[in-house]
Amino acid sequence: MSNRFFFSDSDTSDSGEDNLPYPKPLPRAAFLTPDFDPPTYLSSLRNRHQTLEDLRAELRGRSQDISKELLDLVNENYQDFLTLGSNLQGGDEKIEEIRLGLLGFKRDVEGLKDKVDERRKEVEALVAARKEIRRQMQVGRALLDFDQRLLELEQSLMVTSNGTHQEGQDHDFDHVIGDSGDESDDGTEGSIPALRLSQHVRQYLLVQKTMKRFGSQQPFIINQEARMERVKTTILLDLGNALKQINDQDKDQMTRLLAVYRDIGEPQEVLRVLKERRVSSHQ
């Protein structure tokens, strides 16, 4: 434990007053700490045997000593203070030069920023145009594929795009009557190739699905509606002829043809054909 007190060296100890412990002078280092806090420091002096008036007097004397040291320091360095003032003359002009330079730099930066923004907008517009071109190319390829599928279906049905029959071909029931063993379901002459009709219907439905995917506002699709109608009419004509000429005993063929009608979605048409078939059979 540190010794907080010191004793007098006087030999007069008869009264007992000189032998009392006197508090040591307040250390100068205690006031130089970076986190010095007066209330905290004063509270640490509660065990100091000293009256409040003596403490005030000591602190007042310490303050006077510091003020005197500061004055001595200024007097010793007075010439240096004057030289520093002389050196600072003309600083306003330098500051103004720096300010003007910064303003010019700011204008240059803003000009570059405007150019960068303009170029960014140009790039964004070019990228958007590129995306639109790619989209249109994809639409174009899809339309070409749609046209090719429709053309193949027309060729299979022997119907040209203008609605006329192909040259040298009579559009009648002969092209849907199986004239070879490959297309005959049971190998008998005059049997009906329901498989071929079913394939035509599947191709038609596929083309129709592709057509709907483009929407009703696509100009090219709008122009193909007449072709699609002619193809459908031809398919229904083939189905009607096949259904009229089928043998009443051939239940399998009858079932297949009715299934084809169901796929194409024409229940009213099959009823009409069956009614005509019944009328013709009674004549």
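Buried, as used in these legends, means under 20% relative accessible area, exposed means over 50%, and partly exposed lies in between. By that cut-off Arg 227, with a relative accessible area of 9%, is buried. The views below show a predicted model.

**Figure 1. A salt bridge joins Asp 147 to Arg 227.** The closest N and O atoms of the two residues are 2.9 Å apart. Asp 147 belongs to helix α4 and Arg 227 to helix α7, so their pairing ties together parts that are 80 residues apart in sequence. The two partners fall into separate accessibility classes: Asp 147 is partly exposed at 23% relative accessible area, whereas Arg 227 is buried at 9%. Glu 154 also takes part, since Asp 147, Glu 154 and Arg 227 are linked in a network of salt bridges. A search of the whole structure finds eight salt bridges.

**Figure 2. Asp 72 and Lys 68 form a salt bridge within helix α2.** The N to O distance between their side chains is 3.3 Å. The two residues are four positions apart in helix α2, and therefore about one helical turn separates them. Lys 68 is exposed, because its relative accessible area is 53%. Asp 72, with a relative accessible area of 31%, is partly exposed.

**Figure 3. Arg 119 pairs with Glu 122 in helix α4.** This salt bridge has its closest N and O atoms 3.4 Å apart. Three residues, about one turn of the helix, separate Arg 119 from Glu 122. Arg 119 counts as exposed at 55% relative accessibility, and Glu 122 counts as partly exposed at 39%.

**Figure 4. The rings of Phe 36 and Tyr 41 form a tilted pair.** The structure holds two aromatic pairs. In the pair shown here, the ring centres of Phe 36 and Tyr 41 are 5.7 Å apart and the planes stand at 50 degrees, so the arrangement is tilted. Phe 36 is partly exposed at 30% relative accessibility, while Tyr 41 is buried at 13%.

**Figure 5. Phe 146 and Phe 220 meet edge-to-face.** The centres of these two rings lie 6.4 Å apart with their planes at 80 degrees, so the pair is classed as edge-to-face. Phe 146 is in helix α4 and Phe 220 is in helix α6 (residues 219-223), so this contact ties together parts that are 74 residues apart in sequence. Phe 146 is buried, with 0% relative accessibility. Phe 220, in turn, is partly exposed at 27%.

**Figure 6. The largest nonpolar core contains 29 residues.** Ile 235, Leu 239 and Leu 257 have the most contacts inside this core. At least two core residues are supplied by each of the helices α4 (91-157), α5, α7, α8 (251-264) and α9 (267-281). Another core, of five residues, lies apart from it and includes Ala 30, Tyr 41, Leu 45 and Leu 55. In soluble globular proteins, nonpolar side chains tend to be buried together.

**Figure 7. Leu 70, Leu 73, Val 74 and Phe 81 make up a nonpolar patch on the surface.** Together these four residues have about 370 Å² of accessible area. Helix α2 (residues 52-76) provides the largest share of the patch, three residues. Leu 73 lies in this helix. At 46% relative accessibility, Leu 73 counts as partly exposed.

**Figure 8. Ser 198 contacts the side chain of Arg 202.** Ser 198 is located in helix α5 (residues 194-214). A polar contact of 2.9 Å connects the side chains of Ser 198 and Arg 202. With a relative accessible area of 13%, Ser 198 is buried.

**Figure 9. Thr 234 reaches the backbone oxygen of Arg 230.** The distance from the side chain of Thr 234 to this oxygen is 2.8 Å. Thr 234 lies in helix α7 (residues 225-245). The relative accessibility of Thr 234 is 9%, and the residue therefore counts as buried.

Definitions and conventions: Residues are numbered from 1 along each chain as its sequence is written. This is a predicted model: local features need pLDDT of at least 70, side-chain atom pairs count only at pLDDT 80 or more; totals for chains, interfaces and linings use all residues. Side-chain values use heavy atoms; hydrogens and water are left out. Patches are made of residues with over 30% relative accessible area and no salt bridge: like charges are joined within 9 Å, nonpolar side chains (Val, Leu, Ile, Met, Phe, Trp, Tyr) within 5 Å. Accessible areas come from the Shrake-Rupley method with a 1.4 Å probe; for residues, only the protein chains shown count as cover. Buried means under 20% relative accessible area, exposed over 50%, partly exposed in between (1.4 Å probe, protein chains only). A polar contact is a pair of N or O atoms within 3.5 Å; within protein, one must be able to donate a hydrogen and the other to accept it, and residues adjacent in sequence count only if both atoms are side-chain atoms. A nonpolar core is a set of buried Ala, Val, Leu, Ile, Met, Phe, Trp, Tyr and Cys residues joined through side-chain atoms within 4.5 Å. Rings of Phe, Tyr and Trp (its six-membered ring) pair if their centres lie within 6.5 Å; planes under 30 degrees apart count as stacked, over 60 as edge-to-face and the rest as tilted.
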